[in-house]
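User: Hi! I have a protein model open on my screen and would like to learn how to read it. Could you walk me through it?

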Amino acid sequence: MTAGGANGRHSLPFLHHASRAVCPEAATLICAFRATIRAVPHYFDREPAAPSRPRQVPLRLPDLSLSLASDAGVFGHGRVDSGTLFLLRRAPAPPAEGDLLDLGTGYGPIAVTLGLRSPRARVWGVDVNQRALELTARNAATAGAANVITAAPDDVPAGMRFAAIYSNPPVRVGLRMLHPLLTEWLDRLDDGAAAHLVVHRHLGSDSLARWLGAEGFSVERMASHDGFRILRVQARQAVGDDR
Ligand SMILES: C[S@@+](CC[C@H](N)C(=O)[O-])C[C@H]1O[C@@H](n2cnc3c(N)ncnc32)[C@H](O)[C@@H]1O
């Protein structure tokens with residue numbers, strides 16, 4: 001589902017009530033459509049239903065070259081996503097120390113790269129997808145990135161603050177889930193720290209940048225290529241924040 005699809009999701013209840021009034025068959029069809037959408041497997045399912053189909057993926061960057069394990073049911077199966085590659089090539093180097101976050105780690109191309117680029121930092125690869133977390137842990141171990149920790153969102157200590165966030169965020173979850181997800185984690189940036197998010201313009205990068213700006217974050221498009229944008233988002237100062 002695209003960002004546009006998320007808007008479609010918002011419009012369904014209205015359509016459902018309107019159609020029930022004029023045409024009960026249309027309401028039945030909409031119910032069937034909703035059930036189908038719920039049944040479709042997603043890369044952000046907690047326990048992917050897709051049978052395992054392991055594939056090694058080469059990740060080539062100017063400073064390192066890795067072979068990463070990927071699998072069905074996990075984002076980017078069999079290839080490194082073009083947006084992820086762009087982020088890893090163009091975003092600034094991570095801070096040398098502190099806690100760094102890869103929000104939505106998948107099989108770990110971002111987390112493992114951060115871990116190798118900043119060996120004295122601690123990198124949190126966070127995901128809801130259990131198969132993704134297992135792959136990231138395995139890829140970090142194989143690459144010798146012992147400073148990568150994998151965790152489900154609720155397992156990250158509540159008081160944890162991050163020196164930087166790098167993410168190819170899960171825009172396909174829909175705006176209703178994406179917006180609170182982003183504010184929750186962006187509000188865990190240290191003062192003065194920044195997040196770098198890669199989002200394609202067809203998946204709503206520009207409206208996302210405007211929305212983040214309206215929420216009080218300072219947002220800058222730091223790079224753009226083939227429709228992908230890297231948004232640099234700075235920690236916002238909460239009113240009365242005495243952190
Ligand atoms: C676009 S993929 C990026 C994966 C990986 N970082 C990469 O670049 O290949 C987004 C990831 O976010 C994860 N995700 C979805 N909802 C999430 C949530 N609420 N909290 C953390 N991660 C989530 C998905 O499971 C998916 O692995």
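Analyst: Happy to! Let's start with the sheet. Seven bridges connect strand S7 (residues 189-200) with S9, and the two run antiparallel. Please keep in mind throughout that this is a predicted model.

User: Before we zoom in, how many helices and strands does the protein have?

Analyst: There are seven helices and nine strands. Of the 243 residues of the protein, 36% count as buried. Among contacts with a separation of 6 or more, 67% come from residues 24 or more positions apart.

User: Back to the sheet, then. What holds strands together in general, and in which order do the strands of this sheet lie?

Analyst: Strands of a sheet pair through backbone hydrogen bonds, and they do so either parallel or antiparallel. Here, seven strands make an open sheet in the order S5-S4-S3-S6-S7-S9-S8, with mixed pairing. Its edge strands are S5 (148-151) and S8, each of which pairs on one side only. On average, neighbouring strands of this sheet are turned by 20° against each other, ignoring direction.

User: Where can I see both senses of pairing?

Analyst: Look at S7. Strand S6 (residues 162-167) pairs with S7 in the parallel sense over five bridges, and Ile165 stands opposite Ala195 of S7. With S9, by contrast, S7 runs antiparallel. There you can find Leu197, whose bridge partner in S9 is Leu231.

User: And what lies on the S8 side of S9?

Analyst: Strand S8 (residues 218-225) is joined to S9 by seven bridges, again antiparallel. One pair to display is Ser218 with its bridge partner Gln234 in S9. The two strands form a hairpin with two residues between them.

User: Which residue in that turn has a positive phi?

Analyst: That is Asp226, with a phi of about 55°. Asp226 has this positive value although it is not a glycine. The residue lies in the loop between S8 and S9.

User: How do I decide whether a residue like that is buried or exposed?

Analyst: Count the other C-beta atoms within 10 Å: 20 or more means buried, 12 or fewer means exposed, and values in between mean partly exposed. Asp226 has 9 such neighbours, so it counts as exposed.

User: Could you show me a residue from each of the other two classes?

Analyst: Sure. Leu114, in helix H4 (residues 109-117), is buried, because 28 other C-beta atoms lie within 10 Å. Leaving out residues up to four places away in sequence, Leu114 touches Pro94, Leu100, Asp102, Val123 and Tyr166. Leu114 and Ala145 are 31 residues apart in sequence, and their C-alpha atoms are 8.9 Å apart.

Analyst: For the in-between class, take Gly78, in the loop between strand S2 (65-70) and helix H3 (82-90). With 13 other C-beta atoms within 10 Å, Gly78 is partly exposed. Beyond its neighbours within four places in sequence, Gly78 is in contact with Arg55, Val57 and Ser70. The C-alpha atoms of Gly78 and Pro58 are separated by 9.0 Å, and these residues are 20 apart along the chain.

User: Can the same count be used for a whole strand? Why is S9 largely enclosed by the rest of the structure?

Analyst: Five of the seven residues of S9 (residues 228-234) are buried, so the strand is largely enclosed.

User: And for a helix, which residues of H7 are buried?

Analyst: In helix H7 (residues 205-214), they are Ser205, Leu208, Ala209 and Leu212. These residues cover an arc of only 100° around the axis, so they are on the same side of H7. Asp206, Arg210 and Ala214 are exposed on the other side. The buried residues of H7 pack against S7, S8 and S9. Just after H7 comes Gly216, with a positive phi of about 100°.

User: Last one: which residues come nearest to the ligand?

Analyst: Of the 22 residues around the ligand, the nearest are Phe44, Thr84, Gly104, Gly106 and Pro170. Sorted by class, this shell has 13 nonpolar, seven polar and two charged residues.

Methods. Residues numbered from 1 in each chain as written. Predicted model: local features only at pLDDT ≥ 70, side-chain atom pairs only at ≥ 80, totals over all residues. Near = placed C-beta within 6 Å. Nonpolar A, V, L, I, M, F, W, Y, C, P; charged D, E, K, R; others polar. Helix = DSSP H or I, 4+ residues; strand = E, 2+ residues; numbered from the N terminus. Pairing = 2+ DSSP bridges. Contact = placed C-beta atoms within 7 Å. Arc of directions from axis to C-beta. Axes fitted to C-alpha atoms, helices over the stretch in contact; angles between N-to-C directions.
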